[in-house]
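Subject: Structure for your review

Dear colleague,

Please find below the structure that I agreed to hand over to you. I would be grateful if you could keep it open while you read the notes that follow it.

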Amino acid sequence: MRISYVLTTIFLLCTVRAADIVCPATPPYPPCCVSSEFWSGGWIYISSVAMITIILLLSVVYMLSKIFVKHEWEIWIKDEAYQILISIVLIITLVIVLSAICNVFTTLAGNDPFLIAHNYLNSLIWDKTLNMATNTFQYSVLCQLLAAFRTQIGPVALGVGFNQNAGLRAVAVCFDFIYALTAGISASLMVQDIGLSIIQAFAFRIMLPIGIIFRIFPFFRKAGGFLIALSLGLYIVYPLCFVMNKMVVDSIVSGISLPALETYAEPFLLAVISPFMPIALIGLYTIMNQLAFLLPQALFLPTLNLVITLTFIKNAARVLSQNFAEAY
Amino acid sequence: MPIVVSWAEWQAITLAVVSLMFSLVSLAYMIGTGFHLPKLQGWAKDELYQALASLLLAVLLITFISTIDTTMTTIYGKDPFDIARDYVNTVTAGLGTFFTGFVAYDVYFQLFKSAVLKAMPSQTGFDINPLIGLAPLTAMLSLSIEATLGAMALLFGMSAFISFIQYQLSIILPIGMVLRAFPFSRAAGGALIAVFLGFYVFYPFFWVFDSYIYSDVTAAMYAFPLANTATTALGIGSECIQCPMCCVANVPDLSGNMFLSIIMNLTYPVIYYIFILALLLPLFNVIMVLILINELAKIFGSEIDISGLSGLI
Amino acid sequence: MNILRKALLCMVLLALLLSGCVVNSDGTMAVSPACSSGTVSSGFQTMWESWQGIAFLAGSTVFIISILAYTLGYALMHRKVIMWAKEQMQEACLSMVIVLFVIGLVSFLCSLDLRTLGMEVSCICTDPAEVYPACTTGTSCNFVNVGYGMLMEMYKNIMGGFLTVTAIQSLLSALSTTTYGYAPGGVGFVVSPLGALGDIATSLRDGMIVLMTSAILTLTQMILLKMTESLFVILFPIGIILRSFGASRGFGGGLIAIALGLFLFYPLMVVLFYGSVLGSIQADYSSMTTSLQGQGLDASNSNWFGGLLWPVAGFIGKAMVGAIFIPILMFMVLIAFIKGLSTALGEEVDASNLTRLI
Amino acid sequence: MLINGGFGMLLSIALSDISGGIFLGGWETAALTALMISFGIIAIAFAIGIGFGYRELEEWAKNEMYEIFISGLIVGTLIALINIIFGISINLAGGNPFSIALSKVSSMIVETNGQFLTLLLYNIYIGALSTLKFAFFIPIPILPPPLPTVIVIRIGSYVTPWAGLSSLMMGLDAIFNVLGLMIAALLVEQVLLTFIQVAFLKYFLPLGILMRTFPITRVAGGTLIAIAIGAYIVYPLAIIYGWNVYNQFKATSTPGNPGNAMEHMFFAPISWNIHDTTNVLASILKNFIIISIMFFLSAVITLSSIRSLAGALGGDPDLFGLARLI
Amino acid sequence: MTAAELFQSVWSNWQAVAIAAAVLSILFTSIAYSLATVFKLKSLQLWVKDELYQALASAFIAGAAVIIITAISNFSCSLTGGCAAGQDHMDVAITIMDTMKENVITQVQYMFDLSMRVGMITEMGKYYDFSVGNVACLVGLCSTATGFSWYYWAGGSMILDSLDYAFGLLIPVISSFIAQLYVLQLIKTALFPSLLAMGIILRTFFFTRKVGGLLMAIALALYTIYPLMYIMLQPYFTFTPHDFYYPENDVSATIMCGGSFVPHGDADHPFCIGIPGTLTYIIPGLPTSAANTGEATFMFKNGCRNNGDCLGGSTCENINGQKMCHGPPGSDYGSDVYAGMLSPYNGVLPTVGYLLVPGVFLPLLIILVTISFIKVLSPQLGGDIEITGLTRFI
């Protein structure tokens with residue numbers, strides 16, 4: 001009697017949880033919701049049809065094995081039946097555990113991980129990368145302009161003339177180099193941003209149901225397992241990595257302070273050669289510092305995200321596509 | 001009093017580390033036999049072999065390196081690192097003289113190119129910039145100045161890398177030994193030891209080999225072409241028989257031939273120094289060392305991820 | 001039947017704890033780097049207590065389930081289940097043991113003052129605003145800070161070198177544009193005698209770009225060093241918890257390998273590798289500045305090229321090797337270490353694309 | 001001894017190219033010492049293997065013995081093989097391929113210099129012309145000379161008739177880059193020829209043989225031997241083949257007028273025929289195509305033969321990614 | 001002489017060598033086979049069997065080389081829709097490139113004349129000054145002269161700079177057309193025959209088979225794919241040069257320009273300079289317009305002479321003040337519509353832009369296609385697949 005009591009509580013727990021697993025009919029969808037087609041006749045209908053066809057197939061094969069006394073077919077059927085059972089159990093646990101995990105991480109991250117990731121990336125692209133690029137471009141144009149100023153003493157035919165700030169042209173070349181670098185970085189960040197919104201649109205609403213369907217068919221078991229793992233990895237782990245990036249970056253911003261430019265430059269005789277040089281170099285110094293802050297966030301952390309997600313997908317695919325044959 | 005560890009004597013540290021690992025493993029083995037834990041005993045026995053292999057490896061490496069050092073010092077009077085550094089410095093000095101040569105020519109050509117002849121008293125007459133057409137020549141000279149300075153910077157970097165290997169890279173041998181002792185970091189340990197052996201022993205060896213090629217080949221380089229262009233510039237060379245005016249170039253213009261031969265006298269040895277000595281031979285050294293590291297890594301039991309490095313090239 | 005009830009109780013407890021774990025008011029988990037001012041940072045301490053609870057809980061639940069499975073298997077004489085259960089139990093014990101030692105390990109690493117090991121190193125001040133060696137509140141010299149200090153020294157030298165090269169280059173290009181007119185009465189020449197200096201200035205310009213890139217890369221590594229501490233604080237606990245559950249053991253092992261590799265091995269290599277290069281770059285920088293002050297910028301004395309350009313080329317070459325070539329070597333060895341560690345801890349970290357990336 | 005005797009038989013290759021390498025105290029002694037040392041190691045290993053009954057060590061020693069035998073065989077046949085092939089290449093090229101290749105490349109350099117000089121003189125001419133500026137005026141003395149002049153008004157004008165030539169000079173700069181590239185490529189070929197002739201058989205080949213005897217450096221040694229022999233034999237022949245195509249198809253035939261732009265050196269009115277430049281361009285480009293195609297083809301042929309040789313000698317056929325590099 | 005005949009002449013004296021080499025290698029393999037059977041070396045036997053097939057294949061290729069080549073040339077001729085007598089598809093490609101080169105050079109001549117006119121007028125200046133007293137200001141320093149100088153057309157320097165830039169691109173584009181022409185001629189006369197002959201000979205020896213196969217693949221690819229690509233892309237390798245006119249002719253210019261001191265110095269050509277106009281300008285005095293004052297839009301849009309002058313007999317009308325000339329009814333834009341320039345904007349800069357496509361982009365495309373064909377063909381002929389770094393580009 002107690003067991004039934006325990007089972008009912010668990011079942012209740014599932015149904016309560018189940019309610020907010022499925023996405024509502026119309027967007028905006030709450031985080032981690034499986035597409036509503038799951039219930040409203042879309043996927044359920046197909047998976048049940050798939051189930052019936054497989055059972056039909058198995059029974060036919062069973063009958064044949066009896067007629068032709070093919071013993072190994074019988075074993076195969078027993079195994080397939082077992083696999084279908086496993087698949088169904090797997091799917092149900094998946095749906096339950098999924099929402100629990102999702103809610104936990106949402107509370108952990110404080111908000112929908114996708115939203116945080118988008119805000120983080122957008123702030124990185126628009127506030128940091130692109131306005132730094134425009135600053136760099138303006139500095140470069142200014143330096144080229146100043147480099148062209150020429151002081152002429154006496155008439156050209158009988159005097160001396162020179163461009164005092166000709167050195168600024170080299171500083172302008174440094175600015176152009178940084179401008180090219182920032183353009184590349186903003187491109188890579190934008191690609192990640194778009195990738196995230198694609199994942200949000202497709203991972204749970206399309207990929208996961210298809211994976212579940214494939215998991216049921218005997219031949220597509222491995223592919224099904226992989227698809228489920230892929231959708232899990234992309235939908236849950238990948239945005240969380242961005243949340244992690246944001247936390248890491250927020251934690252270190254305060255810890256790093258760099259001395260002003262003057263401390264390095266005992267030979268600050270630059271002012272002697274051209275009055276505009278110190279201004280340009282201070283501008284270059286600040287932009288170099290901003291770029292140094294940007295490079296890890298645009299190159300190192302995205303690679304780390306990729307490595308973590310791929311490791312999860314590889315591991316989950318291996319676990320999900322096991323057929324637990326040896327367990328019985 | 002803080003224990004002062006001078007990281008330079010890497011040999012002593014390696015032996016200390018390896019013996020420490022050895023004692024640890026034998027301790028584990030004793031516990032295994034003492035408390036009749038067959039699993040621990042089996043594992044310890046296997047680790048014992050690995051520790052033995054590491055000890056043997058360390059001893060072998062140290063003797064191999066010291067023999068190489070002694071043979072080299074007996075034959076050449078300096079250890080390979082000093083020979084390598086001297087050779088790199090002589091090549092850089094050679095490039096320095098070419099640099100000053102180019103700058104000297106550049107001074108004259110820039111002067112001629114920029115000269116504007118004004119013959120316009122009270123706004124009558126003419127202005128002309130007679131030799132502005134020399135612009136392509138000064139552009140080529142500026143390019144060669146950049147190339148020479150770049151090659152010098154590269155060679156300075158190489159000599160810095162050589163002294164980095166001599167004084168600092170030796171630290172990764174003890175670390176490699178330590179990592180090699182633990183089962184899970186054996187891959188990384190074996191890789192580190194292969195990298196150490198490759199760069200500490202073979203890399204300077206190839207540089208010494210280059211220094212011996214240098215003296216022979218430079219003599220041959222200077223023998224052949226210079227005699228040719230020098231004489232032809234003065235109209236004595238073999239090509240000048242049919243057309244005395246056009247020995248350096250088949251265009252009858254004496255001044256043009258004269259200054260072209262001067263330029264060729266300088267560019268020929270510079271191309272030899274930059275292409276062969278500053279690019280080809282260092283690349284040859286690095287490639288050979290990487291092939292050897294790949295082989296050594298297989299021998300030390302851990303497939304080092306050199307594929308990454310080859311991707312780098 | 002009490003086992004079942006206990007299992008249910010644990011499940012509910014777990015759900016509660018997981019949802020209510022340490023989050024501050026607006027829900028974001030406050031992350032603070034592992035070490036601060038020479039010892040374990042208090043933020044990490046508190047956070048680790050709560051994560052420790054969860055890790056123990058996860059370990060005990062796995063332990064209970066595997067005991068259950070063991071008895072079941074024993075009852076049904078099913079050898080495979082017994083084997084599976086025994087293995088899960090071992091893993092649970094191992095992760096619990098690791099959990100116990102984490103605080104000890106982190107505090108040891110944070111407080112290990114490298115100067116005691118006889119390495120003359122440059123550390124950083126405890127108060128981040130000040131710049132070493134002018135520290136008022138004292139210095140902290142654990143291996144992360146020492147790595148950071150050394151990179152800071154190198155960054156200063158490269159920036160100093162960059163400014164000197166810019167000074168020389170701007171003087172040369174200014175001189176190269178001077179035109180001198182001698183055409184009295186409209187007849188004569190207008191000449192720019194120092195045109196050749198312009199070509200030298202262009203070659204110095206390439207040196208400037210190399211130095212600027214080296215400075216940026218050095219600064220990036222300083223930031224990476226700081227990041228590894230915070231990454232360790234996030235990845236390591238999650239890794240341990242995931243490692244105790246059978247299904248996600250591989251993934252957990254991978255996360256632990258990445259966390260340890262980044263927090264432990266990377267700063268160690270920075271200290272070892274950069275300890276060496278720093279010395280030679282500092283020597284070169286000082287020789288360049290002395291030669292600059294020594295003969296000044298007057299192009300009159302004879303070995304002007306040798307005296308000035310030689311150390312400049314040397315400095316650029318060494319900065320290039322120190323700031324660009326050696327980091328590549330370091331990341332190569334770091335990846336080999338992480339891959340080796342992760343295979344041992346259970347899951348092959350898919351770092352293959354990392355190696356392809358480099 | 002066998003090795004030294006074998007070398008005596010090498011008549012076709014100039015002796016100076018073969019012996020006299022002073023690296024490690026002469027390479028013949030180095031090769032012998034290397035063989036001795038490796039024999040010693042194998043003997044010890046073999047003894048340990050039998051003594052301790054250590055099966056794999058015995059197996060390894062036997063295998064190494066076989067490898068040493070192979071190395072000795074390779075060295076022996078190699079010398080004979082080089083001699084035969086070098087003999088064929090001599091009568092193919094009609095003389096020592098290296099000296100012929102060097103003289104051909106320097107003749108190519110002379111012709112390219114000729115084109116460079118012509119274009120430079122043409123460039124100087126139109127450069128000077130484009131900056132030529134005239135000025136003149138008409139004085140209007142107020143009250144003309146017989147009368148007292150109070151003020152003199154001058155009205156004048158400046159004219160630079162050929163300023164438009166500056167665009168042509170911009171175009172020619174690109175052509176000078178092409179010429180610079182041609183001369184650099186030919187100089188690199190000449191430098192490589194001398195380098196291979198002097199260093200490859202005297203230094204690289206012995207180093208390769210030396211490294212091939214030790215087990216750990218066997219693959220590297222095999223690659224080195226393949227590079228040394230492949231380059232020494234194939235590279236000069238490829239250069240000579242290139243020269244033949246160049247000679248048959250080149251633009252400059254008689255010295256002095258390579259489609260000489262200087263034919264129109266006269267004070268032309270402002271009308272200027274573009275064909276002066278395009279003719280010079282045509283002759284330069286004709287040579288540029290042949291020289292660059294032949295430069296690329298000789299690299300491909302040499303590398304391809306080195307790769308097949310490296311495969312045969314147990315070296316690393318893709319030259320550790322180097323093949324992919326070029 | 002078509003390329004096939006050229007190869008035939010080269011091959012006539014090399015065929016004997018190739019046949020001898022093939023026979024030699026067959027002999028060599030048979031000896032090795034007997035050795036293999038005696039010593040029962042399985043691996044050697046396999047290797048020998050393979051070598052035997054290769055040797056036989058080489059002998060067949062050596063024998064039938066000429067026949068195969070003529071078959072290929074006939075087939076490719078049919079692809080080009082028939083070649084003239086004594087010509088093959090290579091000559092068709094060469095004529096295409098030759099006409100393209102000539103047309104582009106005439107177009108550049110038009111642009112160069114324009115640049116000369118613009119240069120001359122932009123640098124023209126006048127000065128007016130006066131000095132008090134009977135100072136002999138005719139020669140020598142007129143220190144007391146005060147006055148002003150005036151460059152009436154200095155604004156033209158903007159156009160001169162953009163023309164300089166255009167020429168910085170045009171001369172390399174001309175070189176690219178000349179280079180492509182020579183590459184085709186070089187393949188026909190020198191590369192194809194010698195490479196193919198050398199390839200076949202080298203293929204017979206087993207240790208140079210790789211190199212031989214590679215050379216044969218290169219020769220065949222250069223002989224077939226490379227020219228056929230030019231023939232296929234012919235519409236893009238055609239160009240009709242056009243001169244530059246003002247949108248509408250300038251009445252004042254007809255007086256000033258009258259006849260051409262500088263080529264095309266006619267009334268409706270931009271910056272026209274006729275003999276009378278130049279004289280009135282050069283002679284010191286009041287600045288008179290030596291050039292017409294029409295809109296200087298020729299850098300972007302090219303006008304037409306009067307009606308019927310736009311190539312193809314078009315009609316010109318004013319669209320919001322701009323004289324636009326259209327081709328015959330049905331084609332909505334100007335008459336010189338050909339493969340690329342489907343727009344009225346055929347001034348100086350658009351023409352340069354258009355020429356860059358056949359000058360730079362298409363040759364790269366053709367080279368890439370040829371390299372990938374070599375990569376596919378080379379292994380079939382026993383050649384070296386990994387053509388060093390080449391394969392990395394694809």
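Arg85(B) counts as buried because its relative accessibility is 17%, which is under the 20% cut-off for that class. Please bear in mind that this is a predicted model, and that every value in this message was computed from it. Asp82(B), by contrast, counts as partly exposed, with a relative accessibility of 29%. These two residues form a salt bridge, in which the closest N and O atoms are 2.9 Å apart. Both of them belong to helix α3 of chain B, which covers residues 80-114. They are 3 residues apart there, about one turn of the helix.

A further residue of chain B deserves a short remark. Asn294(B) is part of helix α7, residues 254-299 of chain B. At 16% relative accessibility, Asn294(B) counts as buried. In sequence, Asn294(B) and Val195(B) are separated by 99 residues, yet their C-alpha atoms are 8.9 Å apart in space.

Chain C offers another salt bridge within a helix. Here the side chains of Lys156(C) and Glu153(C) meet, with 3.8 Å from N to O. Helix α4 of chain C, residues 143-176, holds both residues. Their spacing is 3 residues, about one turn of the helix. Glu153(C) has a relative accessibility of 16% and therefore counts as buried.

How many salt bridges are there over all chains? The count comes to 7. One of them joins chain D to chain E, and the interface between those chains is the next topic.

In this interface, 61 residues of chain D are in contact with 68 residues of chain E. The size of an interface is often given as the accessible area lost when the parts come together. For chain D and chain E, the buried area is about 5,700 Å². Carbon and sulfur atoms give 71% of that area.

Turning to polar interactions, 9 residue pairs are in polar contact across the interface of chain D and chain E. The count of salt bridges between chain D and chain E is 1. Which residues form it? The side chains are those of Arg154(D) and Asp129(E), at 2.8 Å from N to O.

Several elements of chain D contribute to the side that touches chain E. Those giving two or more residues are β1 (133-141), β2 (151-159), α6 (165-213), α7 (218-249), α8 (275-312) and α9 (322-325). The largest share, 19 residues, comes from α8(D). Sorted by class, this side of chain D has 40 nonpolar, 16 polar and 5 charged residues.

The strands deserve a closer look. Within chain D, β1(D) and β2(D) run antiparallel and are joined by 8 bridges. In this pairing, Pro139(D) stands opposite Arg154(D). β2(D) also pairs in the antiparallel sense with strand β1 of chain E, residues 125-132, over 8 bridges. Two positions show how β2(D) and β1(E) are aligned: Tyr158(D) stands opposite Gly125(E), and Val152(D) has Ser131(E) as its bridge partner.

Is Arg154(D), one end of the salt bridge between the chains, buried or exposed? Arg154(D) counts as buried because its relative accessibility is 1%. Its partner Asp129(E) is also buried, at 7% relative accessibility. As for β2(D) itself, 7 of its 9 residues are buried, so this strand is largely enclosed by the rest of the structure.

Finally, some notes on chain E as a whole. Chain E has 9 helices and 4 strands. From the N terminus on, their order is α-α-α-β-β-α-α-α-α-β-β-α-α. Chain E consists of 394 residues, and 51% of them count as buried. Among the contacts in chain E with a separation of 6 or more, 69% are accounted for by residues 24 or more positions apart.

As a starting point, I suggest locating Arg154(D) in the display. This residue forms the salt bridge with Asp129(E) and stands opposite Pro139(D) in the pairing of β1(D) with β2(D).

Yours sincerely,

A colleague

Notes: Residues are numbered from 1 along each chain as its sequence is written. Chains are lettered from A and ligands numbered from 1 in the order in which they are written. This is a predicted model: local features need pLDDT of at least 70, side-chain atom pairs count only at pLDDT 80 or more; totals for chains, interfaces and linings use all residues. Side-chain values use heavy atoms; hydrogens and water are left out. Contact means heavy atoms within 4.5 Å. Buried area is the accessible area (1.4 Å probe) that two parts lose on being put together, summed over both. A salt bridge is a side-chain nitrogen of Lys or Arg within 4 Å of a carboxyl oxygen of Asp or Glu. A polar contact is a pair of N or O atoms within 3.5 Å; within protein, one must be able to donate a hydrogen and the other to accept it, and residues adjacent in sequence count only if both atoms are side-chain atoms. Ala, Val, Leu, Ile, Met, Phe, Trp, Tyr, Cys and Pro count as nonpolar, Asp, Glu, Lys and Arg as charged, and the others, Gly among them, as polar. Two strands pair if DSSP finds at least two bridges between them. Buried means under 20% relative accessible area, exposed over 50%, partly exposed in between (1.4 Å probe, protein chains only).
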